[in-house]
Amino acid sequence: MLTVKNIHQYYGGSHILRDVSFTATLGKVTVLLGRNGVGKTTLLKSLMGLVPIKSGSIEFDGHPIQKKTPYERARSGMGFVPQGREIFARLTVEENLRMGLAYKSGGTPIPAELFELFPVLKQMINRRGGDLSGGQQQQLAIARALAPKPKLLILDEPTEGIQPSIIKDIGRVIRMLADRGDMAIVLCEQYYDFAQDLADDYLVMERGEVIARGLGKDMEAHGVRQLVAI
Amino acid sequence: MLLMAGSAHALTADEAKAIASGETEDRVAALNKAVTTADEKTAAFIQAMSDDAVKFTADKVFVMKDDKGYDPVTGAESKVPEDAEDVVNNNMMRGAFDAAQSVLKLVGSKDEKVRLEAANALLKNPDESRIPMVEKALAVETNEGIKAKLELVRAASLLNSADKGKRIAAAGALAQSKSPDTKLLLNERLTEETEADVKAALQRAIAGIDASLVWGDRINAIFSGISLGSVLLLAALGLAITYGLMGVINMAHGELMMIGAYATYVMQGIFQKYMPESMFGFYLVAAIPASFIASALVGAILERGVIRFLYGRPLETLLATWGISLMLQQLVRSFFGAQNVGVENPGWMSGGFTMLSNVTLPWNRICIIIFAGLVLLAMGWLIGKTRLGLFVRGVTQNRPIASCMGVNTARIDTYAFALGSGIAGLAGCALSQIGNVGPDLGQNYIVDSFMVVVMGGVGQLAGTVYAAMGLGILNKFIEGWAGAVLAKIAVLIFIIIFIQKRPQGIFAVKGRSAEA
Amino acid sequence: ADTIKVGVLHSLSGTMAISETALKDMVLMSIDDINKHGGVMGKQLEAVVVDPASNWPLFAEKTKQLLGQDKVAVIFGCWTSVSRKSVLPVLEEMNGLLFYPVQYEGEELSKNVFYTGAAPNQQAIPAVDYLMSKEGGGAKRWVLLGTDYVYPRTTNKILRAYLKSKGVKDSDIDEKYTPFGHSDYQTIVADIKKFSAGGKTAVVSTINGDSNVPFYKELGNAGLKAKDVPVVAFSVGEEELRGVDTKPLVGHLAAWNYFMSIKNPTNAAWIKQWSDYAKEKKIPGQMDKPLTNDPMEATWIGIHMWKQAVEKAKSTDTDKVVAAMAGQTFTAPSGIVSKMDEKNHHLHKSVFIGEIKADGQFNVVWKTPGPVKAKPWSPYIEGNDKKPDYPAGKSM
Amino acid sequence: MTKVALPSKGPLLSGKGWTAFCIALIVVCAAAPMLNLWVPHDSAFYMSDYAVALVGKIMCYAICALAMDLIWGYTGILSLGHGMFFALGGYMMGMYLMRQIGRDGNYKSDLPDFMVFLDWKALPWHWTFSGSFVMTLILIVAVPGLIAFVFGFFAFRSRIKGVYFSIITQAMTFATMLLFFRNETGFGGNNGFTDFKRILGIPIATQSMRMTLFVMTGCTLLGFFLFGKWLIGSKFGRVLQAIRDAESRVMFSGYNPLPYKLTIWVISAIMCGVAGALYVPQVGIINPGEMSPANSIEIAIWAAVGGRATLIGPIIGAFIVNGAKSWLTVVAPEYWLYFLGALFIAVTLFLPDGVVGLVRRWIARMKAPKRNAGELSEGRAEAQRSLAASEGVEPAALHKIAVAAAAGEPEGARA
Amino acid sequence: MTPDLMEEGALRVARHEGIVREGMTESGGRAAGFGRHVTEGEVDVAHGRILYLEDVSVSFDGFKAINKLSLDISPGELRCVIGPNGAGKTTMMDIITGKTRPDSGTVFFGSTINLLRHREAEIAQLGIGRKFQKPTVFEQLTVFENLELALKTNKGVKHSMLFKLDSVQSDRLAEVLETIHLAESVSRMAGNLSHGQKQWLEIGMLLMQDPKLLLLDEPVAGMTDEETARTAELFLRLKGKHSLMVVEHDMSFIKTISEIVTVLCDGSVLAQGTLDEVQSDERVIEVYLGR
Ligand SMILES: Nc1ncnc2c1ncn2[C@@H]1O[C@H](COP(=O)(O)OP(=O)(O)OP(=O)(O)O)[C@@H](O)[C@H]1O
Ligand SMILES: Nc1ncnc2c1ncn2[C@@H]1O[C@H](COP(=O)(O)OP(=O)(O)OP(=O)(O)O)[C@@H](O)[C@H]1O
Ligand SMILES: NC(N)=O
Ligand SMILES: [Mg+2]
Ligand SMILES: [Mg+2]
């Protein structure tokens with residue numbers, strides 16, 4: 001589904017991503033791990049086209065997309081849950097969800113299942129996004145990305161600030177989405193246990209490089225936890 | 001058809017000459033004399049005189065028609081010598097002509113409206129010598145309204161009568177008409193009156209009129225406040241998008257208004273040149289889309305060329321748009337000249353609607369109030385209820401994330417800026433109907449526009465409306481008793497104090513979403 | 001040098017550009033004209049145009065530059081009084097020469113300035129006289145309406161004193177001011193209407209150029225007709241009316257020393273010269289609809305008189321030119337032979353009162369029998385009777 | 001445990017900085033007077049009176065730009081009313097100068113001409129101190145300072161921020177302008193004050209007096225520059241920048257932002273007032289036009305063109321913009337607005353950190369290629385990382401430090 | 001690898017084995033630096049409470065975010081507050097720090113200081129420090145300058161104009177830099193730090209401020225497990241000398257540090273007790289922990 005080959009990225013003069021390559025497959029959850037500041041967010045942003053890459057290629061659904069703008073990537077079926085929520089603070093919850101449906105045709109309804117997943121959103125449907133609590137905002141951000149039913153879902157630390165029961169729910173949702181088999185998921189996560197539970201594949205980053213990768217079930221065996229900790 | 005057939009006699013050459021040339025007073029006297037015995041020729045001659053279509057030489061008078069001279073007495077065409085001079089009518093002369101024509105119309109016209117107008121005109125220019133004519137007209141008049149007016153005319157004419165009793169009666173009669181015109185007549189008499197009891201009667205009458213004019217003054221004040229408010233609103237609405245929503249400190253907003261006004265001017269020129277005269281009144285209808293498109297286009301170019309590089313750096317937009325505004329002003333100077341250009345009100349927007357005797361609401365202002373309301377509704381709908389509006393709001397809040405949602409942010413930005421600019425253009429179109437159209441039109445509104453948008457609360461359409469109307473009415477209220485300069489100062493101070501109380505404007509976004 | 005440099009100090013940008021740009025073009029045309037006729041003392045004139053941008057301190061700075069760097073022989077420029085006041089000290093210090101072409105409030109006389117516009121007694125007072133006359137409507141009550149700055153304030157002060165001397169009571173005078181660029185005249189017009197119900201009223205308007213359009217539009221639409229309440233303006237000429245639909249304004253008045261509609265051969269020739277020039281130079285606005293007005297005429301007179309004076313003095317030296325200016329005469333487009341006063345640096349001018357016509361031109365309804373001598377120190381201001389009628393420091 | 005190397009605070013000016021400063025001082029105090037007073041007029045080196053006046057005027061503007069930068073560039077408060085403080089300082093000086101005219105006016109009266117003309121018989125109360133030079137000097141500081149204090153106190157106490165603050169400052173200067181236009185206010189109405197004759201009894205229109213004013217202006221500018229440097233370099237300056245970045249964090253760190261904002265606001269206003277006072281005798285006129293909103297916006301523009309949040313930037317900006325204006329209004333009187341407008345647009349598009357930012361980038365680029373080349377030739381990420389580690393910084397920081405060092409700016413004076 | 005880090009590693013391992021030894025908080029002499037109390041403006045804690053909220057309510061446009069909330073904290077306590085998203089935890093901190101005015105209720109710091117009478121800066125100076133849910137640091141200042149500004153000193157204008165770091169303060173600063181693992185980044189702009197680094201910096205600023213009461217809103221959000229452990233260790237060290245109120249959703253973190261846990265729901269206290277107690281509370285499981 002998504003193939004990333006040898007990408008490099010810089011902020012100003014500093015080399016942030018070094019020769020990163022990986023693939024994400026339909027029906028699988030690819031988990032990205034790494035300490036603070038190693039470049040996980042930067043990598044995900046490069047996938048979305050929010051930061052330009054210097055070299056390398058990104059292929060999605062068989063097409064090279066590294067030259068495409070973020071909205072073109074979104075339209076080709078990539079959904080993104082950014083770190084720090086980044087909901088539209090002054091739009092209502094409903095409007096936020098409608099923004100998520102931006103590239104669908106005008107009358108597309110907000111999928112009802114979103115409200116089953118996140119009942120609080122239904123409750124606060126007319127409240128301004130910015131007035132929600134941190135966790136509510138995170139839920140909104142996930143729902144917003146799911147609304148158009150993307151083929152690839154990129155999540156940057158989706159559990160940050162979320163109450164345990166909902167983390168469990170989110171885990172279940174991610175699993176379910178992956179198991180349906182029509183969505184590839186790239187998940188960046190600090191919460192190790194959560195990550196391990198979900199991972200079909202994993203990648204560990206360190207200073208902008210992928211230093212380890214493998215199957216999710218081997219994580220424990222490969223000592224990934226230690227790797228992330230150093 | 002003539003009323004005084006018996007006494008009518010034909011216009012003579014001498015009379016014509018006396019009316020056309022000489023000292024104004026003598027001409028007026030000659031005219032008044034001629035009118036009492038007017039025939040059709042006299043009427044036609046008076047009409048020509050008031051149309052300035054008369055020339056004269058030392059011994060002859062010519063009525064001009066299509067560059068040919070005709071003898072006013074015989075009607076025969078006659079050659080106009082080179083040295084023939086145009087008649088010159090000053091205000092006094094024109095007043096006399098109007099009165100003369102009114103007298104003729106009063107009895108000569110079948111149209112009630114014409115007769116009413118004639119009666120009104122006579123009321124402004126009463127003369128005791130016309131009483132017989134007025135009475136004759138009264139005798140045959142059937143319309144009650146006109147009759148009442150004529151009674152007033154008679155009373156007014158008697159106000160300067162030598163008979164004290166008649167004067168007192170006249171004052172009483174005039175007091176019934178609560179209009180500034182009659183008040184003026186009473187006041188004028190009052191300055192000359194010597195008899196104490198007549199004076200008292202006059203003063204009573206004036207006081208009575210004054211009392212009933214108070215309401216008119218109030219309506220005037222409120223209307224002018226609303227009107228000023230609607231102008232401020234129009235000026236601010238476009239800015240509410242480009243600045244309020246998009247965060248561009250758009251110092252060129254005024255110039256975008258100016259472009260709209262010039263587009264209106266150009267449209268007027270096109271109608272004058274290529275359209276039949278009868279269509280001229282519709283130029284403004286065509287100018288509305290034209291001004292919108294012109295400003296929107298300029299706005300779109302600005303957004304593509306400059307603004308889009310500056311999102312997220314609002315203060316930089318101040319600098320760049322300031323530069324743009326300088327250039328646009330000079331551009332207009334280079335194309336249209338530094339002078340103002342003339343934009344006329346179409347016929348249907350000229351003049352006013354007389355609501356009370358002392359309240360005339362100008363049509364152009366009424367139209368602008370309605371127009372502002374329509375623009376506001378359309379904009380509110382577009383921004384609040386449509387997908388485009390949703391995208392605009394989303395994109396302006398968080399560009400990168402909106403693009404991750406699949407929104408073509410660059411395009412939406414351009415649309416949004418063009419929309420704001422187009423609305424500025426509409427404001428310019430409206431302003432061309434009440435004020436200057438010149439290169440610095442925009443400079444006069446930019447400060448006010450920002451004050452309105454900011455006072456309303458940035459990004460708050462409803463706030464903008466409240467602020468515009470509030471400031472408009474407040475300004476006019478204060479101007480009524482403190483004068484325009486102090487009113488303006490007071491309003492500015494009010495804004496300063498008001499912001500102390502509400503540091504985020506009238507409609508502040510409350511809570512945490514304001515900080516995000 | 002084989003050219004004589006002439007400074008042109010008119011705002012080409014900012015608020016005053018509306019009025020002053022035409023004067024710049026008029027100076028250039030006059031120079032063109034003089035050069036075509038052999039220049040001055042056989043030398044060609046060379047214009048040095050600068051843009052003081054409606055910024056008063058910049059006027060002083062540019063004057064310094066014109067006199068000090070460019071060494072111009074004379075400057076034609078300024079419109080507002082404050083700009084003139086700003087350059088005055090520089091002129092006096094550097095002994096430069098300025099021709100000021102706009103009607104103004106008086107109360108000033110400098111040996112370095114020639115005032116070719118009207119002093120109040122050459123414009124305001126005759127206008128009021130006319131309105132008081134039976135012919136002018138016999139006004140008894142007065143609204144003195146102006147933009148809030150020195151020219152209107154001074155003029156109104158003089159007029160108030162004058163009206164009082166004619167027996168008008170204070171209660172019959174209403175003085176009103178609006179800020180610069182004021183554009184909403186609803187309240188003012190309503191007030192005028194109200195005031196005018198108290199007796200035959202005339203309005204004397206010293207509203208500054210830019211605010212006139214909204215004022216007149218309001219006036220027209222509110223149905224205040226010239227026959228009822230005539231408005232006489234001192235700052236509204238052909239150029240200002242360019243931006244107005246004049247049909248509802250027919251009959252309102254203006255007082256000037258020149259109108260474009262004045263019929264005489266000199267004027268006809270001058271207007272033609274101007275339209276040809278405007279077309280040739282493609283002056284925006286003017287090439288489609290060339291207009292002349294009073295300050296343009298004053299500019300034209302000034303520059304020609306200066307030429308004559310230089311030729312008489314055989315030098316461009318300020319003192320010599322100043323001396324030679326005294327008593328210069330020139331056939332003005334207004335139809336008189338205009339004379340520079342022997343002493344007081346002001347022109348003798350005829351005063352015309354015109355009524356606005358539907359085509360934006362003026363119908364001259366009254367004029368003085370002959371040229372009037374300027375009284376820069378108005379006798380209606382206390383203390384002025386002792387003032388000498390010549391600039392201080394000038395040997396007389 | 002590694003010992004943490006804390007960055008030490010730089011000196012007020014770097015070595016090079018002091019050299020440049022001294023050169024500026026010499027130019028202002030010695031070179032300019034010499035070129036103006038003692039070089040023959042026809043020499044190529046002669047500095048004309050016009051040039052002296054022009055540079056003097058621009059130096060006054062530069063002080064305003066500097067003041068604007070303190071409040072806007074460093075504290076993040078955009079004032080659109082600084083023209084008012086400038087004009088107030090100017091008016092204080094102007095009143096004194098008007099009194100110094102004495103009986104040399106048109107009306108030969110002790111009162112200024114415009115008062116005679118308005119039939120005023122005595123000086124109004126607010127002219128009480130205008131006769132005294134010392135009082136005038138005090139008022140030049142006190143009036144703008146006091147008004148700024150009162151205005152700022154209420155505005156900051158109400159937590160008015162961002163554009164809301166900008167707009168009320170604009171309202172403030174606009175209202176004051178209208179007030180001063182009125183003749184009744186007693187400041188000469190629209191004409192303001194002009195036709196000054198002398199200061200302290202010494203004629204103004206002499207070369208030596210002009211030169212004195214010029215030198216004073218130059219020294220004031222340099223003095224304010226040093227003062228600004230010191231202020232911004234102190235912790236006070238950093239609190240200001242912190243307020244700009246995250247005011248709530250500042251509050252939760254225990255600082256009350258009010259006195260900080262108020263202090264810098266008043267300082268900034270006083271600087272403008274002083275600039276105005278120096279400006280008036282040099283240009284010879286003060287009138288309410290100086291308080292028009294556009295003038296205040298221009299001050300902000302000078303700062304932005306030069307480079308905000310650097311102290312040298314606003315000074316450079318004032319010189320570039322006003323120099324360009326003076327030059328272009330003469331060489332291209334009908335087109336200069338195009339050039340000036342284009343300049344503003346170009347600066348924002350291509351020089352986001354103003355001219356100073358551009359110069360810094362140049363310098364950085366001159367020094368950087370070696371480093372970049374090194375990085376590229378090494379090629380392997382590993383080596384780069386070890387380099388970074390040995391330097392004790394993140395790779396990202398390497399670049400930053402190089403840039404800062406190259407620009408030679410001491411701590412606390414970054415854009 | 002520094003011994004320091006090795007120690008951390010050991011702690012991490014220990015934590016995952018579920019063994020958190022009591023004595024750990026006393027480890028090392030570094031805590032001493034944080035214990036310097038200034039007597040002037042001392043908070044009166046004689047009644048055994050450093051923070052006391054009673055019947056506090058606040059609503060936004062009719063929505064009751066805090067509903068008759070009562071809660072108190074003793075001196076030296078480390079209180080954990082958990083609760084569903086939107087329970088009102090952040091709002092409660094807003095009220096304590098003066099950012100939001102409650103509609104009703106009382107909030108006391110010690111037994112004498114009515115916090116509702118004070119503004120944000122005063123409250124901070126009284127000794128309440130706060131870490132925001134979303135990390136807020138001075139982005140345009142360096143890490144060093146961020147910490148220097150937070151330093152506990154006289155925060156008046158005159159004082160800061162003349163301020164110079166003395167050697168004690170420098171040492172403190174260096175120490176905190178070490179603690180927050182940003183020693184290598186002293187001269188970097190705070191804005192260029194990654195999310196997690198900003199979290200640390202903000203904690204560092206709190207340490208510099210040396211408050212009596214620390215309010216920490218989701219301090220470990222976005223941190224790796226290892227850093228979470230370090231944070232836990234830090235908090236345990238701080239407690240006793242300082243009072244802490246920690247809001248978190250990371251239950252393993254809570255488990256590491258908690259004594260008493262308060263569960264907030266719908267704006268008021270739902271349950272309170274040890275972690276085990278509240279974890280087994282059906283209502284808490286229902287609304288918060290999930291099954
Ligand atoms: N705008 C920027 N300019 C310069 N450097 C940046 C910028 N944004 C991030 N960095 C740096 O790039 C590196 C990678 O940052 P990134 O945000 O991708 O980290 P991360 O792995 O997502 O960390 P975390 O787990 O804390 O979110 C960090 O060292 C960070 O300091
Ligand atoms: N200004 C506001 N306007 C409307 N609702 C608000 C406002 N501020 C907070 N709320 C609501 O109050 C409730 C409490 O919010 P708060 O941020 O205190 O929750 P929290 O406990 O911190 O949640 P989280 O764990 O998700 O951070 C939420 O439902 C939120 O939507
Ligand atoms: N002198 C004038 N009209 O300002
Ligand atoms: Mg990240
Ligand atoms: Mg929270």
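Trainee: Which residues of α4(C) are buried?

Mentor: Keep in mind that we're looking at a predicted model. Helix α4 spans residues 124-132 of chain C, and 7 of its 9 residues are buried, so the helix is mostly covered, given that buried means under 20% relative accessible area. The buried ones are Ala124(C), Ile125(C), Pro126(C), Ala127(C), Val128(C), Tyr130(C) and Leu131(C).

Trainee: Let's try the metal. Which protein donors does the magnesium ion (ligand 4) have?

Mentor: Look in chain A for these, at 1.9 to 2.1 Å from the ion. The pair links distant parts of the chain, 42 residues apart: one sits in helix α1 (residues 40-48), the other in the loop between β6 (78-81) and α3 (93-100). The donors are Thr41(A), through OG1, and Gln83(A), through OE1.

Trainee: Is Gln83(A) buried or exposed?

Mentor: Gln83(A) has a relative accessible area of 15%. The cut-off for buried is under 20%. So Gln83(A) counts as buried.

Trainee: How many salt bridges does the structure hold over all chains?

Mentor: You'd have to go through every chain for this one, and we'll pick out a few of the pairs next. The total over all chains is 79.

Trainee: Okay, which residue forms a salt bridge with Lys194(C)?

Mentor: Lys194(C) has a partner whose closest atom, N to O, is 3.2 Å away. Lys194(C) lies in helix α6 (residues 186-196) of chain C and the partner in helix α10 (residues 196-245) of chain B, so the pair joins two chains. Lys194(C) is partly exposed at 47% relative accessibility, and the partner is partly exposed too, at 25%. That partner is Asp217(B).

Trainee: And what is the relative accessible area of Lys24(C)?

Mentor: Lys24(C) makes a salt bridge with Glu334(D), with the closest N and O atoms 2.7 Å apart. Since Glu334(D) is in the loop between α12 (312-331) and α13 (336-350) of chain D and Lys24(C) in helix α1 (residues 17-36) of chain C, this pair joins two chains. Glu334(D) is partly exposed at 34%. Lys24(C), on the other hand, is buried, with a relative accessible area of 3%.

Trainee: Which residues are linked with Arg365(B) in a network of salt bridges?

Mentor: Here you need to look at chains B and C. The residues linked with Arg365(B) are Lys476(B), Glu479(B), Asp184(C) and Glu218(C).

Trainee: Where does Ser54(C) lie?

Mentor: Ser54(C) is worth a look, as its phi is positive, about 60°, although it is not a glycine. Ser54(C) is also buried, at 12% relative accessible area. Its place is the loop between β2 (44-50) and α2 (56-68) of chain C.

Trainee: What about His181(E): what is its relative accessibility?

Mentor: His181(E) also has a positive phi of about 60° without being a glycine. You'll find His181(E) in the loop between α6 (167-179) and α7 (195-209) of chain E. His181(E) counts as partly exposed, and its relative accessibility is 29%.

Trainee: Last one! Which residues gather with Arg119(E) in a patch of positive charge on the surface?

Mentor: Start from Arg119(E), in the loop between β5 (113-114) and α3 (120-126) of chain E. Arg119(E) is partly exposed at 40%, so it passes the over 30% relative accessible area that a patch residue needs. The residues gathering with Arg119(E) are Lys501(B), Arg157(D) and Arg101(E).

Terms used. Residues are numbered from 1 along each chain as its sequence is written. Chains are lettered from A and ligands numbered from 1 in the order in which they are written. This is a predicted model: local features need pLDDT of at least 70, side-chain atom pairs count only at pLDDT 80 or more; totals for chains, interfaces and linings use all residues. Side-chain values use heavy atoms; hydrogens and water are left out. Patches are made of residues with over 30% relative accessible area and no salt bridge: like charges are joined within 9 Å, nonpolar side chains (Val, Leu, Ile, Met, Phe, Trp, Tyr) within 5 Å. Accessible areas come from the Shrake-Rupley method with a 1.4 Å probe; for residues, only the protein chains shown count as cover. A salt bridge is a side-chain nitrogen of Lys or Arg within 4 Å of a carboxyl oxygen of Asp or Glu. Lys and Arg count as positive and Asp and Glu as negative; His and the chain ends are not counted. The place of a charge is taken as NZ of Lys, CZ of Arg, CG of Asp or CD of Glu. Helices (H or I, at least four residues) and strands (E, at least two) are DSSP runs, numbered from the N terminus. Buried means under 20% relative accessible area, exposed over 50%, partly exposed in between (1.4 Å probe, protein chains only). Donors are N, O and S atoms within 2.8 Å of the metal (3.2 Å for Na, K and Ca); water is not among the atoms, so sites may look incomplete.
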